[in-house]
Structures are given as C-alpha cells and as structure tokens.
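Here's a quick tour of one chain, starting with its empty space and moving on to helices and domains. Keep the structure open as you read.

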Amino acid sequence: MKDDNFLKENNARHLWHPMGHPGAAQAEGPRIVRSAEGVRITDIDGHSAVDAVGGLWCVNLGYSNDRVKEAIARQLSELPYYSAFAGTSNPAAIEASWAVREFFAADGMARVFFTSGGSDSVDTCLRLARQYHKLRGEPGRIKFLSLKKGYHGTHWGGASVNGNARFRTAYEPMLPGCFHLPSPYTYRNPFDETDPDRLAERIAAMAEDEIAFQDPSTIAAFIMEPIQGAGGVIVPPARFMGLMREICDRHGILMISDEVITGFGRTGDWSGARHWGVQPDMMSTAKGITSGYFPVGAALVNEKVAEVFETAEAAGAIYHGYTYSAHPVGAAAVIACLEETRRLDTKANAAARGAQLFEGARRLAETHDIVGNVRGGHGLMTGVEIVSDRAAKTPMDAATMQRIHQATYEAGAMVRLGGHNILMSPPLTITEGEVDTILAALDAGLSAA
C-alpha cells in the first residue's frame, strides 16, 4: 500500500466517485477511511467516529464479524469463482439459496435469483415481471408504477422507476412506460394532508385513477420501498402498503417490495413488507444479505410467479443474469451472514435502538429550530429534515448542510446528507451508548449551522 502522502495527493485525481461531482472531488478530496472496528470508522488522519450511516445502509453486523470474514476466506481458498449460468453450480450457492428462501418464507418467497447488488436485483424483478405476464398470455403488460421520492438503484430500469429527479434528469429519456404516484410523505405532499390515513387513501385513489387511465391490462408491476430510504426516511402510513397490495390484486398487477435497505432486520422485522403485514409477489434484496462484506443481491419470487416460469415451454427460460450471480465467495458470505443475523437477533436491537435514535432526534428538534421534521421510529432508520424557516418549510441551503455534516463528524459521528435531510442508518449491532454518541454529535452539528 502506498504511503499517506501518496493517498492524499492522488485522492480523486484518477478515481471518479459515485454520486458526486468529479471536479468538486478533485478540488476537495473525499474523506479517506482507513479502518473500521465494531461500529466505528477511522480516517487516514486518525479521527474515529461512530458510523451512523452503516457504510451505506448495509453494514448491519458492524465491521468486526469474524464469522463472515472467515467464511469468505475459506471459500476463497477452496473455490474463488465459478459460473452459475445454466449447466453449472457450486455448493455455497445451493446452500445460500436455501438460506435466503428460508429467511423470507414468511413473506411467501419461494425462489432466489442471485445478483451482484441492489440495482441488479431491482432490474431483475422488473424484467421478470414483464416476462411473467408474457408467459401468461398478456404481453401488453409492460408498464410500471412507483412512488415519487422512491429510490430503486441506478440501472436503466431502476432509475426509470426512481422517484427523485436527481437520478433521472441528466440521463433522460428514461425507460418508457414508467409512471409515478405521490410519496406517502405527510410533511410535504400535493394534498397538504398531514393525517396519515387520509393521505394513504388519497394516494390509493390516485393509483386507481392512474391505473384506469393507463388501462390495467398494460401494467406489469408496482414497486415500492416499505420505508423510503434515500428519499429521506419517509415512513408510510401503516395502512398504505396493504392498500396498494389490494389494488394490485384487483387489477392483476404484481407487487415488488424493494427490500434492499429494509430487508434483514433494519425495520425491526426481518423484512419491510412483513413489518406492514403484507406479502408481495417479488422482492429485491442486497446490502444486509452480506452486511456489505461482499457485493451480493438477490431477487425473490413467490410460488405464483415461480410456477408460471417453471411450467412454461421454452419461453420460460430466463436469458438474464450476471457474471457474478451466485458467486461462491459471495454465497459463503450470505450463509454466514444470515446465520449471524439470526443468532444475534439483530431485528430486536434494531427496534430498541431505532426507537432511542428517533426519540433522541425528536428531542433535538425541540432545541434546534432548523429541524423541520423528524422521521423514523420503525427500526434503525431515522431522517432529520433541515429547514431555514420552519413555518415555511424552506429547505436548508447546501453550504449550511455541509457545515452541519462536518461539525457532526468532528464531534464523533458520521451521518449522511440527502439534499437537506440528515439520514442515519447505523449497524444493527449498535449499543445504547453508541446511539447516545450519535445524538450528542448531531447536537453539536446542528449547533454549528
């Protein structure tokens, strides 16, 4: 490894970073994280902070789970790679598929298609949804419905159903046939509706209207996050996902639950859909499936969908997949990670510590008038919306947000900015004292605005 001077001199000079301006990165290089232990990260200058972002919503088990690391090392020694395209398989992939299917059996999931990450998983679900309807003799079902503020990755399909213009505008035109409904966002919505139940009913009515306008026989699937993550930790009304499930059933539309963030315990339940008492037709997963230790995702389908593919003639073949689908090292990581996830019962800690983080953030709102809205209370996902004028709900400017972010980090916690929102999704293994550290650091950050 090159020395620190080399790293600082070359930081962002040759590497384009995701989700940022390459020129800005060269002007002020990204923070270089050298090491991590437990739920803490340490940068190249030796500053340590609690990682309130969990890597990127993904390091559910923290950074020091030796069982997952050892499983990866063993598999690297035994079989570092082999293709899982039709005709070959490997032991780890077979066991991993069984483990994932078992993990989501209560959600009605029956089959597993491994991918390299969340964006892959979303695109796989969208593709399979179209193929499913073609196999059933309804080739006209090619359209997709989704929610504004939703995030479904950066592949062409996922970006097309994304509900945030930031991920779309520079790359338009997007995939045709993608239509968006309002977000279940009680703080900001086109109805100026603050009552959760009434908001759920209004969006459901808009969904029925849009489906009728498009013609139900042209719509393949509706995709949603059980809790919108990158959009600002937007928690839907408790009835909302169930209402959308009923609408999908009524019109023969598949429901895809995007569990890339909410799966594997982050909501306080093993899946976001289960948290709301809903069984989807398909699920996209990633992140917590390996605690971020190896890039793996999975698209899951229920028995209804699986039967159509498995009983079809030649058209049932799935001509889609990735070089690293069911990668043996990734599969070994999945097996170990799910064992550890269950052993540690991370969903229980996520519920308890999530409530602590949410209530702590709400207390900060009482002393900092720049906090417009605090969202969370359903596992370890908390969003704090920052405004310059609370009465007018005016979004805070970018320079002030950067100042808050830097001061929070210096005070001991790494948080994530999403526009004028502060997003927090720490490892599910975090302790009560470490949550207190996050809250104290955030207090310091807000004071620096």
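## The cavity

This is a predicted model, and it holds one cavity of 30 Å³ or more. Strand 4 and helix 12 are the elements that give two or more residues to the lining of that cavity. Helix 12 makes the largest share, with three residues.

As for volume, the largest cavity has about 40 Å³ of space in it. If you want to find it on screen, pick out Phe114, Thr115, Val296, Tyr324, Ala326, His327, Gly330, Ala331 and Val334, which line it. By type, that lining splits into six nonpolar and three polar residues, with no charged ones.

## The second largest pocket

Now for an open space. The second largest pocket contains about 720 Å³. It has 26 lining residues, and the ones closest to its centre are Val112, Phe113, Phe114, Ile318 and His320. Phe114 turns up here as well as among the residues lining the largest cavity.

Which elements each supply at least two residues of this pocket's lining? They are helix 5 (91-103), strand 4 (109-115), strand 10 (297-302) and helix 11 (303-310). The lining residues come out as 18 nonpolar, six polar and two charged.

## Two helices worth a look

Helix 6 covers residues 118-135, 18 in total, and spans 25 Å from its first C-alpha to its last, close to the expected 26 Å. Is it enclosed or open to the outside? With 14 of its 18 residues buried, helix 6 is largely enclosed by the rest of the structure. Just past its end, Gly137 adopts a positive phi of about 85 degrees.

Helix 13 runs over residues 346-367, which makes 22 residues. Its end-to-end C-alpha reach is 32 Å, close to the 32 Å expected. Its buried residues include Thr346, Ala350, Arg353, Gln356, Leu357, Phe358 and Leu364, along with glycines Gly354 and Gly360. The buried residues of helix 13 pack against helix 12 (328-344), strand 11 (371-375), strand 12 (382-389), strand 16 (421-424) and helix 15 (432-447).

## How the domains sit together

The domain assignment splits the chain in two: domain 1 is made of 31-61 plus 345-447, and domain 2 is 68-343. Their C-alpha centres are 26 Å apart.

How many residues of each domain are in contact with the other? On the domain 1 side there are 35, and they touch 34 residues of domain 2.

Methods:
Residues are numbered from 1 along each chain as its sequence is written. This is a predicted model: local features need pLDDT of at least 70, side-chain atom pairs count only at pLDDT 80 or more; totals for chains, interfaces and linings use all residues. Side-chain values use heavy atoms; hydrogens and water are left out. On a 1 Å grid over the protein atoms alone, a cavity is a set of points where a 1.4 Å probe fits but cannot get out, and a pocket is an open set with protein on both sides within 12 Å along at least five of seven lines; lining residues have an atom within 4 Å of a point. Grid points are joined across faces, edges and corners, and a volume is the space filled by probe spheres set on the points. Helices (H or I, at least four residues) and strands (E, at least two) are DSSP runs, numbered from the N terminus. Ala, Val, Leu, Ile, Met, Phe, Trp, Tyr, Cys and Pro count as nonpolar, Asp, Glu, Lys and Arg as charged, and the others, Gly among them, as polar. The expected span of a helix is 1.5 Å times one less than its number of residues. Buried means under 20% relative accessible area, exposed over 50%, partly exposed in between (1.4 Å probe, protein chains only). Domain bounds come from an automatic or database domain assignment. Contact means heavy atoms within 4.5 Å.
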